[in-house]
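Open the structure in your viewer and keep the selection panel at hand. The stops below say what to select next and what is there.

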Amino acid sequence: MAGEERDIKVHIDNVKKTYMGRTGEVVALNGVNLDIADNEFVTVVGPSGCGKSTLLNIIAGLLEPTSGTVTCNGKVVTGTGPDRGVVFQQYALFPWLTVKKNVMFGLNMKGIKGEEAEEIAMKYIKMVDLEKFVNHYPKELSGGMKQRVAIARAYAANPEVLLMDEPFGALDAQTRTQLQQELLDTWEKEMKTCFFITHDVDEALILGQRVVIMSARPGRIKDIIDVDIPYPRDQETKMSPRFLELKNLIWSQVYQEYLEVRK
Amino acid sequence: MGDKSLTKNGGKQGGKLMSRIWLLISLAVALGLWTLLSVLPQTARSFPNVIVTLSQIPVVIERGILWKDLSSSLISVGAGYALGFVIALPVAILMAWYKPVRNIIEPWIQFIRNIPPLAYVPLIVIAAGVGRRPQIIVITIATFLIMCITMYQGIINIDETLIKAARVLGARDKDIFIRVLAPASLPFVLTAIRLGASVALTTLIAAESTGAFAGLGMRIRSFNNNFETAPMLLYIIIIGVIGITVEKIIKLLERKLTGWQEKREI
Ligand SMILES: Nc1ncnc2c1ncn2[C@@H]1O[C@H](COP(=O)(O)OP(=O)(O)OP(=O)(O)O)[C@@H](O)[C@H]1O
Ligand SMILES: [Mg+2]
């Protein structure tokens, strides 16, 4: 179970976010409260437009909440920081840098240069199985490979919290399954706190210790499901009765929200 | 199925010889047409044949005008074009950065861009007199407009997630400028340079209608007044050769510097 006793890594306190849209104010988030424990893997599902990305960007420090606070390691988030890394859906690799230089970017920003940076970068490039492509440019890689590079780049900067916004959303089912497995492996090895947004209930369940279900208009947390299925999880886990039971539970709630949004 | 990332520039290998052959064929067709034009009674007067035209090369050299015209035109074009670029780059950056600057400048750039330079040449001559100065001003204006708009549109379309990704990885404003915005804009800067070069040359005739004492464009008009069609045709071809050479060089540079690009623009 997600530990009541564990240290809290990220504390989201009554966060509200409104955007100034063309037609007036859009309340993207309203009264969001969530505590994420150290090393915890939290997944987030919810209908499109419910504010998942907004929440992630606020945790990352890329967006300011209209009111409320996010605390990471006990410090209030006021901007981006080395304790938090992000993997974006659109990969966001720098197309003018090779795989190796992309992975080294965060290290260079931290002042780690030359051989030391290369060594660390190579470690993570090996971790995602791309040694053969170190000197390739992103345009020479498939979608799955690009996302592997993005994951290696995020890991190499060594954040404590990894924020992922539908990182596998653009990939085909097979690649997606493979990357999920790899992500779980590295999570178990590297001990990071993960906040993972997805549209896919299966994905949320296979990865997360807790699944956060968000509701739309205004975006808030509707329910949090503890996934009491032990790791390691694999494809067979998806056939287990408990998995299917939880899947139904989550799906019905998400579907309800979907219908709400349609109205 | 449907995997976009698998598209490769297929059929590139062995294409080099083929493209050489096609180039030769194209050249032969052009020569054929030219010869035809030089024979047909309706067009013979304005299209002296290849031999007559090319035999004008030693003549114009001997008359001492070719080098004078070439250097005069290249100085005007080079100076105007360089000035145009030096002004366009910061203006494009400011337009991309600050909304007020964009809102004020963009409409009139778009407006002037559609006016043929020949139309406003008299105004410039009235303001700046005759000689080198108005020539440079005309080319500066024309190249500035095209380069500014091209670079501005490139910079404004830089993928915002790249900036976000850099920020999350610890980049500060200075790093973002040097390590993200600069390389991300490079393709557009190079495209602007290429389009600017082409505009600089096509503006040449207009620029040299300002009462120039020498220059390719000025000479073409004076040949025209004396019914010297052979050297005129030669000069027209020289402008074309300069244009295509500059374009090839810039394209090579683009391939060298921005080969990392996902898709290449035209
Ligand atoms: N910059 C913005 N200006 C105005 N409204 C915005 C802006 N960004 C997001 N919104 C609105 O805020 C709401 C939440 O957007 P957000 O991107 O966080 O949703 P999401 O849950 O990530 O959706 P999806 O699953 O489609 O990615 C949406 O209604 C959206 O239209
Ligand atoms: Mg989103």
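A residue is called buried when its relative accessible area is under 20%, exposed when it is over 50%, and partly exposed in between, using a 1.4 Å probe and protein chains only. The model is predicted, so local features need pLDDT of at least 70 and side-chain atom pairs count only at pLDDT 80 or more, while totals for chains, interfaces and linings use all residues. Residues are numbered from 1 along each chain as its sequence is written, chains are lettered from A and ligands numbered from 1 in the order in which they are written, and side-chain values use heavy atoms, with hydrogens and water left out.

**Stop 1: Lys100(A) and helix 2**

Select Lys100(A), which sits in helix 2 of chain A. Helices (H or I, at least four residues) and strands (E, at least two) are DSSP runs numbered from the N terminus. Is Lys100(A) buried or exposed? Its relative accessible area is 18%, so Lys100(A) counts as buried. Contact here means heavy atoms within 4.5 Å. Leaving aside neighbours within four places in sequence, Lys100(A) is in contact with Glu118(A), Ala121(A), Met122(A), Ile125(A), Val134(A) and Asn135(A). To see a separation across the chain, select Glu257(A) as well: the two residues are 157 apart in sequence, and their C-alpha atoms are 42 Å apart.

Now extend the selection to residues 99-109 of chain A, the whole of helix 2, where 10 of the 11 residues are buried. The buried residues of this helix pack against helix 3 (114-127) and helix 4 (143-156) of chain A, and also against helix 8 (160-168) and helix 9 (173-202) of chain B. Just after helix 2 of chain A comes Gly111(A), with a positive phi near 90°.

Cross to chain B and select Ser185(B), in helix 9 of that chain. Ser185(B) is buried at 9% relative accessible area. Apart from neighbours within four places in sequence, Ser185(B) contacts Ile155(B) and Ile158(B).

**Stop 2: strand 3 and its partners**

Select residues 41-45 of chain A, which form strand 3; five of its five residues are buried. In a regular strand the side chains alternate between the two faces of the sheet. Phe41(A), Thr43(A) and Val45(A) point one way from strand 3 of chain A, and Val42(A) and Val44(A) point the other way.

Two strands pair if DSSP finds at least two bridges between them. Strand 3 of chain A pairs in parallel with strand 8 (residues 193-197) of chain A over four bridges. Four bridges also join strand 3 to strand 9 (residues 210-215) of chain A, again running parallel. Which residues are the bridge partners of Val42(A)? In strand 8 of chain A the partner is Phe195(A), and in strand 9 of chain A it is Arg210(A).

**Stop 3: the antiparallel sheet**

Show the open sheet of four strands in chain A, ordered 2-1-4-5 with antiparallel pairing. Strand 2 (24-37) and strand 5 (75-76) of chain A stand at the edges with a single partner strand each, so one side of each has no neighbour in the sheet. Strand 1 (residues 8-21) and strand 2 of chain A are joined by 10 bridges, and Met20(A) stands opposite Glu25(A) of strand 2.

Select Asn73(A), in the loop between strand 4 and strand 5 of chain A. Asn73(A) is not a glycine, yet has a positive phi of about 55°. Its relative accessibility is 35%, so Asn73(A) counts as partly exposed.

**Stop 4: ligand 1**

Select ligand 1 and the residues near it, that is, those with a heavy atom within 4 Å. Among the surrounding residues are Tyr19(A), Ala28(A), Ser48(A), Glu166(A) and His199(A). Helix 1 of chain A gives the most to this shell, with three residues. An oxygen atom of ligand 1 lies 2.7 Å from an N or O atom in the side chain of Lys52(A). For the side chain of Thr54(A), the corresponding distance from a ligand 1 oxygen to an N or O atom is 2.5 Å.

**Stop 5: a cis peptide**

Finish at Tyr231(A) and Pro232(A), joined by a cis peptide bond with omega of about -5°. Pro232(A) is in the loop between strand 10 (220-226) and helix 7 (241-262) of chain A.

Conventions. A polar contact is a pair of N or O atoms within 3.5 Å; within protein, one must be able to donate a hydrogen and the other to accept it, and residues adjacent in sequence count only if both atoms are side-chain atoms.
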